[in-house]
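Visitor: I am new to this structure and would love a close look at one part of it. Could you take me to the place where the ligand sits and walk me through what is around it?

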Amino acid sequence: MFQKTFAWLDERLGLTTIYATVLDRKVPKVNWWFTLGSASLFLFVMQGVTGILLSVYYVPSPDHAYDSIQYIMNSVAFGWLILGIHHWGATLMVIVVFVHMLRTFFFAAYKYPREFTWFTGVILLLATLGMGFTGYLLPWNQRAYWATTVGTSIAGTVPFVGEFINRVLRGGAELSAVTLVRFFSVHIWWLPLIIGAMIGVHLYMVIKLGISSIPKEED
Ligand code: HEM
């Protein structure tokens with residue numbers, strides 16, 4: 001019964017071809033450093049799942065943000081666990097993505113024909129850092145408030161356009177409800193969409209080109 005259903009679907013959707021192309025590929029003999037891209041992908045998905053769960057209780061307004069985080073920590077079943085995973089997962093993701101970048105750099109995997117894979121990687125790194133920056137404000141505690149005040153002030157020191165960037169980030173001269181909602185929107189919509197799209201292109205390149213092998217002495 002199962003085999004018949006699968007064969008019916010496979011004939012129409014080409015499931016075995018998709019499996020062979022995406023997962024059942026020949027890979028050169030590599031080492032554990034080559035698993036960090038998949039680890040980054042896993043962490044992104046984990047951040048997505050825990051983030052969606054947190055959004056059930058989190059309220060992005062100055063009056064309720066702090067209390068909603070306290071509520072998640074103390075009153076929601078396993079809220080502390082979900083928030084803890086999201087909190088530490090963010091730090092881990094930045095580290096893992098960064099070390100993955102170092103791996104591809106030191107193994108010269110950014111060279112022809114993988115320049116575009118590297119280019120999408122740069123956007124992924126910047127967007128991942130952006131997730132950390134925007135997420136840090138959301139608990140709306142003293143540390144979050146002043147860290148973002150400092151962070152946006154640093155952006156304000158960029159020559160010529162600094163003042164403009166600062167105002168766009170804050171949504172005004174000072175941090176306010178506008179800043180919080182702005183950061184929340186970028187954190188849950190804009191950046192995840194950019195990261196999702198870029199991972200799509202990044203993985204398409206990895207599948208199309210295959211992964212590089214470890215450079216040998218004569219290379
Ligand atoms: C969310 C972030 C990222 C994800 C999910 C991701 C995912 C992956 C995966 C699954 C691979 C396959 C090989 C491997 O695992 O090493 C890969 C390869 C690659 N990635 Fe990333 N990546 C990310 C960020 C980056 C960054 C920041 C850079 C560099 C700026 C980068 C550059 C590359 C390059 C050049 C390759 C080809 C490596 C090769 O062929 O040996 N990636 N990526």
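Guide: Gladly! Four helices each supply at least two residues of the shell around the ligand: α3 (36-54), α5, α6 (115-137) and α9. Please keep in mind that this is a predicted model. The site itself is the second largest pocket, and the ligand sits in it.

Let's look at the make-up of the shell. Its residues divide into 14 nonpolar, nine polar and two charged. Of the 25 residues around the ligand, those that come nearest are F34, H100, R103, H202 and S212.

Now for some polar atoms facing the ligand. In the side chain of H202, an N or O atom is 2.8 Å from a nitrogen atom of the ligand. R114 brings a polar side-chain atom to 3.0 Å from an oxygen atom of the ligand. With G37 the backbone takes part: one of its polar backbone atoms is 3.2 Å from a ligand oxygen atom.

Two of the nearest residues deserve a longer stop. Start with H100, which you will find in helix α5. Its relative accessibility is 18%, and since buried means under 20%, H100 counts as buried. Leaving aside residues up to four places away in sequence, H100 touches L36, G37, S40 and H202. Two names in that list should be familiar: G37, whose backbone has an atom 3.2 Å from an oxygen of the ligand, and H202, whose side chain has an atom 2.8 Å from a ligand nitrogen.

The other stop is S212, which lies in the segment after α9 (177-209). S212 is buried too, with a relative accessible area of 11%. Again not counting residues up to four places away in sequence, S212 touches P28, V30, F34, R103, A109 and R114. Among these, F34 and R103 are, like S212, residues that come nearest to the ligand, while R114 has the side-chain atom 3.0 Å from a ligand oxygen.

Before you go, follow helix α5 (residues 79-106) to I82. I82 has a relative accessible area of 19%, so this residue is buried as well. Beyond residues up to four places away in sequence, I82 touches T50, L53 and L54. For a sense of scale, compare I82 with I214: they are 132 residues apart along the chain, and their C-alpha atoms are separated by 38 Å.

Notes:
Residues are numbered from 1 along each chain as its sequence is written. This is a predicted model: local features need pLDDT of at least 70, side-chain atom pairs count only at pLDDT 80 or more; totals for chains, interfaces and linings use all residues. Side-chain values use heavy atoms; hydrogens and water are left out. Buried means under 20% relative accessible area, exposed over 50%, partly exposed in between (1.4 Å probe, protein chains only). Contact means heavy atoms within 4.5 Å. A residue is near a molecule or strand if one of its heavy atoms lies within 4 Å of it. A polar contact is a pair of N or O atoms within 3.5 Å; within protein, one must be able to donate a hydrogen and the other to accept it, and residues adjacent in sequence count only if both atoms are side-chain atoms. On a 1 Å grid over the protein atoms alone, a cavity is a set of points where a 1.4 Å probe fits but cannot get out, and a pocket is an open set with protein on both sides within 12 Å along at least five of seven lines; lining residues have an atom within 4 Å of a point. A molecule sits in a cavity or pocket if more than half of its atoms lie within 2 Å of its grid points. Ala, Val, Leu, Ile, Met, Phe, Trp, Tyr, Cys and Pro count as nonpolar, Asp, Glu, Lys and Arg as charged, and the others, Gly among them, as polar.
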